[in-house]
Amino acid sequence: MRLRLLPNIVLLFVATGCCNAGTDSSQSAAPSESAAPPVPSAAAPSAPFASAAEAPAPAPTAERQIAGAAHILIAWKGAERAPKTVTRTKDEAKKRAGEVLAQVKDGKQTFEELVAKYTDDTVSKAANGAIGNFERNAMPPAFADATFAMEVGTISDVVETAQGYHIIKRTR
């Protein structure tokens, strides 16, 4: 959006003579042969806008959607970014994710305790599963859809992505 306005701003500076600021006034009074030709009038078809005042208002942008989350990731061998230590099959990972979700829901252990015990995400494990705040399009669609559909503080069902099975807690 800013780049589309740049030629109009340059045109405005040239038309108002602000580009001559700081030059000797005796030089600017007499046109030289190398000086730029006069700027076309506002009615000239070559300039899309005569001034910034006549430029159309910028198009409204969609409000950024940001959420925060923590998760427990149960990966399978061959899943995207799975640690080399993961040897379980996809079916075994799904079963384990279901078992972990049941533990989350029974409330006997905190989400953070279960992260420490079960997650395969070595990066977020150190932060109690927190992956921080993110825009909707920064995460795989299934993960983002589940996160943005939840209220803050709630826990998702098991969500499958190419990285594995996630149990997500919305934090923002």
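This passage describes the fold, the buried helix 6, the aromatic pairs, the largest pocket and selected residues of a predicted model.

The protein chain contains 6 helices and 4 strands. Read from the N terminus, these elements follow the order α-α-β-α-α-α-β-α-β-β. The protein chain has 172 residues, of which 28% count as buried. Its accessible surface amounts to about 11400 Å², and carbon and sulfur atoms account for 56% of that area. Contacts across the sequence were also examined. When contacts in the protein chain between residues at least 6 apart in sequence are considered, 59% of them join residues at least 24 apart.

Helix 6 spans residues 141-149 and includes the buried residues Phe-143, Ala-144, Ala-146, Thr-147 and Phe-148. These buried residues of helix 6 pack against four strands, namely strand 1 (66-74), strand 2 (130-135), strand 3 (155-161) and strand 4 (164-170). Two of the helix residues, Phe-143 and Phe-148, also belong to one aromatic cluster, together with Phe-134.

The structure holds 3 aromatic pairs. In one of them, the ring centres of Trp-76 and Tyr-165 lie 5.3 Å apart and the ring planes meet at 55 degrees, so this pair is classed as tilted. The pair connects distant parts of the chain, since Trp-76 is located in the loop between strand 1 and helix 3 (90-106), while Tyr-165 belongs to strand 4, 89 residues apart. Both Trp-76 and Tyr-165 are buried. A tilted pair is also formed by Phe-134 and Phe-143, with 6.0 Å from centre to centre and 55 degrees between the planes. Phe-134 has a relative accessibility of 6% and therefore counts as buried. Phe-143, with a relative accessible area of 2%, is likewise buried.

The surroundings of Trp-76 were examined further. The relative accessible area of Trp-76 is 10%, and this residue is therefore buried, the cut-off for burial being under 20%. Apart from residues up to four places away in sequence, Trp-76 touches Ala-82, Val-86, Arg-88, Thr-89, Lys-90, Ala-93, Glu-160, Thr-161, Ala-162, Gly-164 and Tyr-165. One of these partners, Ala-93, is 17 residues from Trp-76 along the chain, and the C-alpha atoms of the two residues are separated by 5.7 Å.

Strand 3 includes Ser-156. With a relative accessibility of 5%, Ser-156 counts as buried. Neighbours within four places in sequence being set aside, Ser-156 is in contact with Leu-101, Met-150, His-166, Ile-167 and Ile-168.

The largest pocket has a volume of about 340 Å³. Its lining comprises 15 residues, and those closest to the pocket centre are His-71, Leu-73, Arg-81, Asp-121 and Gln-163. Strand 1 and helix 5 (122-125) are the elements that give two or more residues to this lining. Helix 5 provides the largest share, with 3 residues. By class, 7 of the lining residues are nonpolar, 5 are polar and 3 are charged.

Arg-81, one of the residues closest to the centre of the largest pocket, is placed in the loop between strand 1 and helix 3. Trp-76 lies in the loop between strand 1 and helix 3 as well. Arg-81 has a relative accessible area of 73% and is therefore exposed, whereas Trp-76 is buried. The backbone of Arg-81 has a phi near 60 degrees, a positive value in a residue other than glycine. Asn-128 also has a phi near 60 degrees, again a positive value in a residue other than glycine. Asn-128 is situated in the loop between helix 5 and strand 2. The relative accessibility of Asn-128 is 42%, so this residue counts as partly exposed.

Key: Residues numbered from 1 in each chain as written. Predicted model: local features only at pLDDT ≥ 70, side-chain atom pairs only at ≥ 80, totals over all residues. Heavy atoms only, no water. Buried < 20%, exposed > 50% of the residue type's maximum accessible area, 1.4 Å probe, protein only. Contact = heavy atoms within 4.5 Å. Areas by Shrake-Rupley, 256 points an atom, 1.4 Å probe, with all protein chains shown as cover. 1 Å grid on protein atoms, 1.4 Å probe; cavity = no way out; pocket = protein on both sides within 12 Å on 5 of 7 lines; lining within 4 Å. Points joined across faces, edges and corners; volume = space filled by probe spheres on them. Nonpolar A, V, L, I, M, F, W, Y, C, P; charged D, E, K, R; others polar. Phe/Tyr/Trp six-rings, centres within 6.5 Å; stacked < 30°, edge-to-face > 60°.
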